[in-house]
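Reader: I am in my first year and would like to learn how to read a structure like this one. Could you take me through it step by step?

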Amino acid sequence: MTIAHKKPQTEMPKQSIEKRIHNFDEVALGFDEELALEEASRCLNCPKPQCKKGCPVEVPIPEFIQLVKEHRFGEAASKIKEKNALPAVCGRVCPQEEQCQKFCVLGVRGDPVGIGRLERFTSDWERLNVKTKAQKIEQTGGRVAIVGSGPAGLTVAADLAKLGHRVTIFESLHTAGGVLMYGIPQFRLPKEIVQTEVEYVKSLGVELRLDSTVGLLSTIQELKQNGYDAVFIGSGAGLPNFLKIPGENLKGIYSANEFLIRTNLMKAYKFPEYDTPIRVSKKVGVVGAGNVAMDSARCALRLGAERVYIIYRRSRDEMPARAEEAENAEEEGIEFMLLTNPVRFIGNDRGFLEKIECVKQQLSEPDKSGRRRPEPIVGSNFTIEIDTAVVAIGQSPNPIIQQTTEGLEATRHGTIVVNEETMQTSILGVYAGGDVVSGAATVISAMGAGKKAAKAIHEHIMTKKAA
Amino acid sequence: MYGIVRKEQLAPNTKLFEITAPAVAAKSKPGQFVILRIHEKGERFPITIADADPEKGTVTIIFAEVGKSSTQLGKLEVDDAILNFSGPLGNATKIEKFGEILCVGGGVMAGALLYQMKALKKAGNKITAIIGARNKEHLILIEEIRKFSDELYVATDDGSEGKEGIYFLKDILEKKFDQAITIGPTSMQMIVSEMTRPYGIPTTVNLFPIMVDGTGMCGACRVTVGDETRFACVHGPEFDGHKVNYDELISRMRFYNPNEKIAMLLFDGV
Ligand SMILES: Cc1cc2nc3c(=O)[nH]c(=O)nc-3n(C[C@H](O)[C@H](O)[C@H](O)COP(=O)(O)OP(=O)(O)OC[C@H]3O[C@@H](n4cnc5c(N)ncnc54)[C@H](O)[C@@H]3O)c2cc1C
Ligand SMILES: Cc1cc2nc3c(=O)[nH]c(=O)nc-3n(C[C@H](O)[C@H](O)[C@H](O)COP(=O)(O)OP(=O)(O)OC[C@H]3O[C@@H](n4cnc5c(N)ncnc54)[C@H](O)[C@@H]3O)c2cc1C
Ligand code: SF4
Ligand code: FES
């Protein structure tokens, strides 16, 4: 018998590069049963599984993998869902290399188990083979309002609904899912999959109210007055940052949020079948080098751009994007212009973007902390011809709720201040978590915060009911 | 889904809808807007609130059929429903006792102006109103507006009714005003602001840049006001009319015209 765990991690098939740059279909194709069994067989089912330490929501990893080994795929999926309400999403977009897989013992000598790929396989199998039915859960009489239907809000909703509370989610947009719907592109996370996960949360009895911007429609105080025992704020970090350099309002310059909302949420890549337009010309410059920048660049390519540049002021080592995403982008032909800092946009007399002027940067001598800062090289200015620019340099929390909620403590950066143990804000019975607390982070950290908050909210309500 | 309970044709290509949306109606104030989406493949587009009845739970909008989305909307009938109707968005008009106030409204926005005037009148202001439109057929709601005006002037671009053009405003401005508000085509709002400037009359405009979400997420709606970039949906839509960069605004509003023409041609074809 070959020793399974000594083999390298099982490769997941992908769409060919030539093909995928012309469509929005998913790039990674997932395991079939055979590949899944092959990968599952590598897991040692450790008595003290290290992988679990790396998972912010404590997925029972060896337990579900064991069920996969036994061909009990449906049960494996249920096992994951005990802890994680959005496994098909997490299996696709979590940075497993920095989480569970980083701690897997096999990683010491060779490749860790492909936990993310198995999570994805398991939940995909369930979606295709098992019908979710509405579940009957005994009610506690508690009522909870949740603001925002991103991963944080959905997690709190699912956990509290399972505990028997009546949960209503208020979502500002016309679709639930937060960044999973409006930000992360179809080719990384198909929207149909996000909606199946949302349907699962609804099947637990959660009510979803769309078109409802809390702060404008009802305030947090009004929700509390209207009989909600607790409120959870999971409104994300949706406010785009701009460069604040001359020419930024020329036609052809998008924030990454606008570019991705048009493309993903509104399906502008199917214009005119869908009504929302987007204009992408031949040469596109994306400023920034995080996941958001990589997603924007890869969308631009699929929307028909001939040359797409990533323009980033630091060097490769500092790029915040997941290595895998940067590799995918590079494979697809995205050009990286590193140590390059934009100084102004230049337009024509009709107000259309034509060029971006940049300055070359060099890394300084290491400072006391050993960090090398990028600094401009005087006189190295040059221009790049681009007719579309996407500014992807980060997002901050949307201030609507902070501005309309008296007594809600927030930081200078607009993030909401919470007690780290309970996720309670400065207002009794009002909790917050996800990007609105941490600043732009990850799906799983938002879900982890949601889990903590759900636990504290449950205790809050039960104590209140007992009193 | 949000049901249509009343539909009226006010002028050629201009329709009024009263829509059931109790939560929105309860909160609506003059100057705010809603964002609609008609069907699953539809775009999100903004329309200013022209009235709201919290008791009945309805919101009134008035719109011009200028492209695909507004034309599709106009084809809906009473008892049909709109898929998404999000609001009230944006900041409300500042309502207080200014004293003598000049209210200038153009085209379909006469309804939104009337909603503002009702509140301003209630706050004890004396109102001089100017209502303009392309021509006689496009003038709307004149009789209702008269009820809330101390003085009313009607104007058309072609002179087919009332004064011709907007420049007669100069004579009216000789009278002292404490405040001016204007809502309507951007070029009209720009001219009104330019004309009130020499008189030092504080002037509020209500802008309509391109929008997507309407909640501050995308920055499509950014306008330059003074030296600052502002998002019209969350910082506006009302701004100090003397500080807005109109050239940039008008230029940005035309960005998608080639795409919209394609959408409309294909839509007309079917
Ligand atoms: C393009 C892009 C790619 C990314 N890629 C990855 C990745 O590969 N892996 C990863 O782990 N993370 C990724 N992230 C980060 C991750 O998506 C976020 O950290 C995560 O979605 C945060 O979850 P959340 O629930 O806090 O907020 P969000 O997902 O932002 O959801 C917040 C929701 O609240 C709604 N809302 C806001 N204000 C109100 C209000 N006043 N009333 C009602 N509703 C409101 C919003 O409309 C939104 O639906 C990416 C982010 C982006 C933008
Ligand atoms: C805050 C706000 C409030 C608005 N209130 C109203 C309202 O009360 N009544 C109303 O009829 N319209 C209003 N509009 C404009 C309305 O949103 C547009 O007319 C609508 O989006 C047009 O969509 P369409 O597909 O029918 O036309 P498109 O095909 O998108 O456009 C057709 C033509 O209309 C012009 N146009 C497009 N968008 C705008 C715009 N935002 N402003 C001015 N012209 C535009 C285009 O330049 C083009 O020439 C408002 C816009 C904003 C931003
Ligand atoms: S640490 Fe690795 S080998 Fe051990 S149980 Fe977890 S996934 Fe399996
Ligand atoms: S419409 Fe998106 S920020 Fe104003």
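**Ligands, domains and chains**

Author: Let us begin with ligand 3, whose shell, sorted by class, holds 10 nonpolar residues, one polar residue and no charged residues. Please keep in mind throughout that this is a predicted model.

Reader: Which residues surround ligand 3?

Author: The shell is made up of nonpolar residues, 10 of them, together with one polar residue. Taken along chain A, the residues that surround ligand 3 are Cys43(A), Leu44(A), Cys46(A), Pro49(A), Gln50(A), Cys51(A), Pro62(A), Cys104(A), Val105(A), Val113(A) and Ile115(A).

Reader: How many residues of each class are in the shell around ligand 1?

Author: Ligand 1 is surrounded by 34 residues, and the closest are Val93(A), Glu171(A), Arg188(A), Val214(A) and Asp435(A). When the residues of this shell are sorted by class, they come to 16 nonpolar, 14 polar and four charged.

Reader: How much of the accessible area of ligand 1 does the protein cover?

Author: We can start from the backbone, where polar atoms of Pro151(A) and Ala152(A) lie 3.2 Å and 2.9 Å, respectively, from an oxygen atom of ligand 1. A backbone N or O atom of Ser172(A) is also 3.2 Å from a nitrogen atom of the ligand. Of the 1000 Å² of accessible area that ligand 1 has on its own, the protein covers 96%.

Reader: Why does ligand 1 lie between two domains, and which are they?

Author: The domain assignment divides chain A into domain 1 (3-129), domain 2 (143-237 + 398-407 + 423-466) and domain 3 (242-393). Because two of these domains both give residues to the shell around ligand 1, the ligand lies between them, and they are domain 2 and domain 3 of chain A.

Reader: Which residues of domain 2 of chain A lose the most area to domain 3 of chain A?

Author: The C-alpha centres of these two domains lie 32 Å apart, and 12 residues of domain 2 are in contact with 13 residues of domain 3. Between them the two domains of chain A bury about 1100 Å², with 61% of it on carbon and sulfur atoms. On the domain 2 side, 52% of what is buried comes from three residues together, the ones that lose the most area, namely Tyr182(A), Phe187(A) and Arg188(A).

Reader: How large is the area buried between domain 1 of chain B and domain 2 of chain B?

Author: Chain B is divided into domain 1 (2-89) and domain 2 (100-253), whose C-alpha centres lie 21 Å apart. In chain B, 21 residues of domain 1 are in contact with 23 residues of domain 2. Carbon and sulfur atoms give 67% of the area buried between these two domains, which is about 1700 Å².

Reader: Which residues of chain A lose the most area to chain B?

Author: Here 42 residues of chain A are in contact with 45 residues of chain B, and the area buried between the chains is about 3600 Å², of which carbon and sulfur atoms give 54%. Three residues together account for 20% of what the chain A side buries, and those that lose the most area are Asp211(A), Asn249(A) and Asp275(A).

Reader: What is the phi of Asp211(A)?

Author: Asp211(A) is found in the loop between β3 (207-209) and α12 (220-225) of chain A. Most residues other than glycine have a negative phi. Asp211(A), although it is not a glycine, has a positive phi of about 55°.

Key. Residues are numbered from 1 along each chain as its sequence is written. Chains are lettered from A and ligands numbered from 1 in the order in which they are written. This is a predicted model: local features need pLDDT of at least 70, side-chain atom pairs count only at pLDDT 80 or more; totals for chains, interfaces and linings use all residues. Side-chain values use heavy atoms; hydrogens and water are left out. A residue is near a molecule or strand if one of its heavy atoms lies within 4 Å of it. A polar contact is a pair of N or O atoms within 3.5 Å; within protein, one must be able to donate a hydrogen and the other to accept it, and residues adjacent in sequence count only if both atoms are side-chain atoms. Accessible areas come from the Shrake-Rupley method with a 1.4 Å probe; for residues, only the protein chains shown count as cover. Ala, Val, Leu, Ile, Met, Phe, Trp, Tyr, Cys and Pro count as nonpolar, Asp, Glu, Lys and Arg as charged, and the others, Gly among them, as polar. Domain bounds come from an automatic or database domain assignment. Contact means heavy atoms within 4.5 Å. Buried area is the accessible area (1.4 Å probe) that two parts lose on being put together, summed over both. Helices (H or I, at least four residues) and strands (E, at least two) are DSSP runs, numbered from the N terminus.
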